[in-house]
Every structure is written in C-alpha cells, then in structure tokens.
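Colleague: Before I plan anything around this protein, I would like to learn how to read its features one by one. Could we go through it together, with the general idea given before the particular case?

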Amino acid sequence: MEKITKLLSQIKQRGLYPDVKVLQSACDTEVIINDKKVLMFGSYNYLGLANHPKIKECAIKAIEKYGVASGGVRLISGTMDIHQMMEKELALFTHYEDALTTGTGFGTNTGLIPAIINLLGSKVKISLFTKDDVILSDELNHASIIDGCRLSKAKVITYSHNDVDDLKSKLVKYKKRRKLIVTDGVFSMDGDIAPLDKIVELAQRYKALTMVDDAHAIGVLGKTGGGTAQYCGVEGKVDINMGTMSKGLGCAGGFVSGGKELIEYLRIACRSYVFSDSMPPVIAASVVAVLGIIKNSPDIRDTLDQKATYFRNGMQEMGFDTLNSATQIIPWLIGDEKKTIEVSKLLFENGIFAPAVRWPAVPKKMARIRFNIMATHTRIQLNRLLSVCEQIGKRFKRDKRYV
Ligand SMILES: Cc1ncc(COP(=O)(O)O)c(C=O)c1O
C-alpha cells in the first residue's frame, strides 16, 4: 500500500493523473460538464446514435417487456429471445453465419483469444491451437487484444504497425507452426486502417488464421457498414470477426462473428461468455434497433467521412501532424506529455472536450489529443474546433518552455 501511495503522489505531482470529466447529459455533439455546454470531440458515438429518439423508444419498450436485467449467464437462465435476435442481426450485418456477444468488447477479446488458442478443458481433447503455436499481433493492437494474448499463454510475436513486409518475414520464420494473425481494423489511437486485404492474402499463403478487432469500424467502414474487411474488399474472408456495439453502434457490449462451428465452439469455450452475466436485454434490443437504423441510412457513413475529412484537412493545412489518420479518429500529435495535457485543458477552457492520450495508451513521446468526429457534428462546430486549435497552436509557438 505504501508503494501505491508513493506512486500516486508522483503521478499527481507530475500532473499526469487523468482529469476525468463528468457528463451531466446524454452523449451528443454538445454535452453538459460542470454545468456548462461543451462541444464533444472525444466520444466513440461516431454515428450519433447513442441518444437517438427511435433507439430510446425501443429501449423503453424493451425495459417494459424484459425488465432491466437477464438474471443469469447465457448457458443457464440468461439467454432471452432478444439476445438471440441481436446475434442473428449482428451475423447478418457482418455477413457471417453466426455471432455471439459478451457484456463488453474487452471481455470478448479476453475470452475469445484464449479460447481459440487453448485446450477446451484438460480432459476434453479439443484444440484449435497448442502452446507451441504463435500469435502474430500488430504492435499497436488494443489492450484487450494484448491481454487476450497473454491469457492464451501462446507465444506472441508483435509485428511493426501495419507493416506487411515485417508480418511476412515473421510468417516465414514461424512457417512450421500454426499461426493466428490478429489486428485492429481501425486503430483507436491513430485512426488508420489495417491493410486487411494484404493480411488475408499473406494468411492464405502461409496458412494462418486471421482475426480482426473491428471495434472502431463496425457500422462506419465499408459500403454497408460491414467494417474493415468490407472496406478492404475481403468481406467474409477474415476467419474471426470481432467487434463492439459500444462505439459506432452507440450501445454497449462486444461480439464475434464467424462460421457456424466457430461460434458453436465459442459458446462453450469463451470464458467471458460462459461465466459472465448476459447483457441487459435493453441493450440487446437497442443493438437490434440501431442495426435497423444503420441499414436504412445509407448516407450516414458518407456524412461522417465528409466531416472527418473536412476537419483533418483543416488541421493539416495549419501544419498539425494528424499521423496516418484516414477515419473519424483524428489525432493531433504533440509528443510531450505535459504539453498535451495543457492543450487538452486549453481546449476545455474554450468549450471543447477532447482527451489527451499518452503512455501507456500510446508510445512514450507520442502523446496526442485525439479528436473523434461524429456524423452529427455541424460545420459550425467543426469550424469552432479548427479555430480554437489554430489559436492554441499559435500560443504554443510563442511559448518558450516548448521551443
Ligand atoms: C480496438 C478496441 N477493441 C476493444 C475495445 C473494448 O471495447 P469495450 O469498450 O466495448 O469494452 C476497445 C475499447 O475502446 C477498442 O478500442
């Protein structure tokens, strides 16, 4: 405990402890924090559906029908017809045979990856992989993938971010082993897109299984919102398609879609599915409603893309580094941690919420402000953000501490 006290005081003294802002309103383009209206540029609610009137209506009806909780785990008393309906819709939406869901996306990855790698149980000899097998993981993959890999006890080899040549050299090196390649579809801190077409091609050549985490792409990328594989022209060719309902879909929870037998297996092997309460039925009903809205709003992705491009171009024209962002996630790379925190504070003082992201979420000296654009942001809101960034940029240029 003494160690914790010391560590905490050091972190706080350096001004690095996160300053968590409390929302007093629904998550929308404008929110209330500290009793003041603030523009929201830090939410994952990319399509603006988390507070959509039709979803709220469906959610209220679902509460009236099912109450607020399922009262059990999926394999005992916690499977309701609305869970099955949600999974059927997620499978259809992502063009796979079946899907399963867990309460969080984090839990999906930490249950799914070990289930793919490990023995089902000590006495039952079913194994997709063994401990000698290898997971090839992009170096910028999300923490939940990293933890899932750790729990699997497999040998984990990271390859350089989005670098298919490096991936290839590692596939060659481990040619004789069974391999799983795992990557984020859209990278949550950089906003760039995995080259899934090339990854799938390599996987086929070197006989590896593929898994994508499409948390930031589902509903957002691809012609019908199917995600990164659809965007890259390899829809249905990724073996294990993981995603979340907590971001573009504006709800909560995580899912895996894939072939019928894969999902049938995971229903008994994915520990976060087997040993955790099923998601509240109101969320399942909301997911079904959201998927319906997305299907009937073919322009929603173009709208989001246009707004993200407008803001990204504006930042680049002012000379700010937005890394390789190609999506609604747009970083403003600053580098220095303290400076990044100061920028985030200045943005907030100017009525803008956009978080400072730093180590361990991103590598050291790569601290950044991360802007998340929503399809519902207005041009006026985007212009306001651009103008505040410009003012802050000028101010820092003159600031002797950072020259
Ligand atoms: C790529 C990625 N995967 C998984 C998760 C976890 O999802 P959830 O927030 O639904 O637990 C996140 C969360 O931010 C993420 O960015």
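**Reading the features of the model**

Modeller: N141 makes a good starting point, since it is buried, with a relative accessible area of 5%. Please keep in mind throughout that this is a predicted model.

Colleague: Where is N141 found, and which residues, leaving aside its neighbours within four places in sequence, is it in contact with?

Modeller: The general idea is to place a residue first and then to look at what surrounds it. N141 sits in the loop between β4 (134-138) and α5 (143-152), and, once the neighbours within four places in sequence are set aside, its contacts are I146, V182, T183, D184 and F187. For V182 there is also a polar detail, in that a polar atom of the N141 side chain lies 2.9 Å from the backbone oxygen of V182.

Colleague: M80 is also in a loop; is M80 buried or exposed?

Modeller: Burial is judged from relative accessibility, and the word buried is used under 20%. M80, in the loop between α2 (53-66) and α3 (81-94), counts as buried because its relative accessibility is 18%. Its contacts, leaving aside the neighbours within four places in sequence, are Y66, A69, S70 and P281. Separation along the chain and separation in space should be read side by side: M80 and P280 are 200 residues apart in sequence, while their C-alpha atoms are 9.9 Å apart in space.

Colleague: How should I read a helix such as α9, and which of its residues are buried?

Modeller: An α-helix has 3.6 residues a turn, so residues three or four places apart point the same way. In helix α9 (residues 260-269), the buried residues are L262, I263, Y265, L266, R267 and A269. Their cover includes α3, β3 (98-102), α4 (105-117), β8 (240-244), β9 (254-258) and α10 (271-274).

Colleague: And the opposite case, a nonpolar patch on the surface: which residues make it?

Modeller: Here one looks for nonpolar side chains that are accessible and grouped together. M1, I4, L8 and Y17 make a nonpolar surface patch of about 450 Å². Among them, I4 belongs to helix α1 (residues 2-13) and, with 45% relative accessibility, counts as partly exposed.

Colleague: Which residues have backbone geometry that I should check by eye, such as a positive phi without being a glycine?

Modeller: For each such residue it helps to note the angle, the place and the exposure. N34, which is not a glycine, has a positive phi of about 50°; it is located in the loop between β1 (30-33) and β2 (36-40) and is exposed, with a relative accessible area of 52%. K153, likewise not a glycine, has a positive phi of about 65°; its loop runs between α5 and β5 (155-159), and K153 is exposed at a relative accessible area of 60%. A further backbone feature is the cis peptide bond from W359 to P360, where omega is near 10°, and P360 is in the loop between β12 (356-357) and β13 (367-372).

Colleague: Finally, how many residues of each domain are in contact with the other?

Modeller: The domain bounds come first, and the contacts between the parts are counted afterwards. The domain assignment gives domain 1 as 22-51 + 299-402 and domain 2 as 53-295. Their C-alpha centres lie 28 Å apart, and 22 residues of domain 1 are in contact with 26 residues of domain 2.

Note on methods. Residues numbered from 1 in each chain as written. Predicted model: local features only at pLDDT ≥ 70, side-chain atom pairs only at ≥ 80, totals over all residues. Heavy atoms only, no water. Patch = residues over 30% accessible without salt bridge, like charges linked within 9 Å, V, L, I, M, F, W, Y side chains within 5 Å. Areas by Shrake-Rupley, 256 points an atom, 1.4 Å probe, with all protein chains shown as cover. Salt bridge = Lys/Arg side-chain N within 4 Å of Asp/Glu carboxyl O. Helix = DSSP H or I, 4+ residues; strand = E, 2+ residues; numbered from the N terminus. Buried < 20%, exposed > 50% of the residue type's maximum accessible area, 1.4 Å probe, protein only. Polar contact = N/O pair within 3.5 Å; in protein donor to acceptor, adjacent residues only side chain to side chain. Contact = heavy atoms within 4.5 Å. Domains from an automatic or database assignment.
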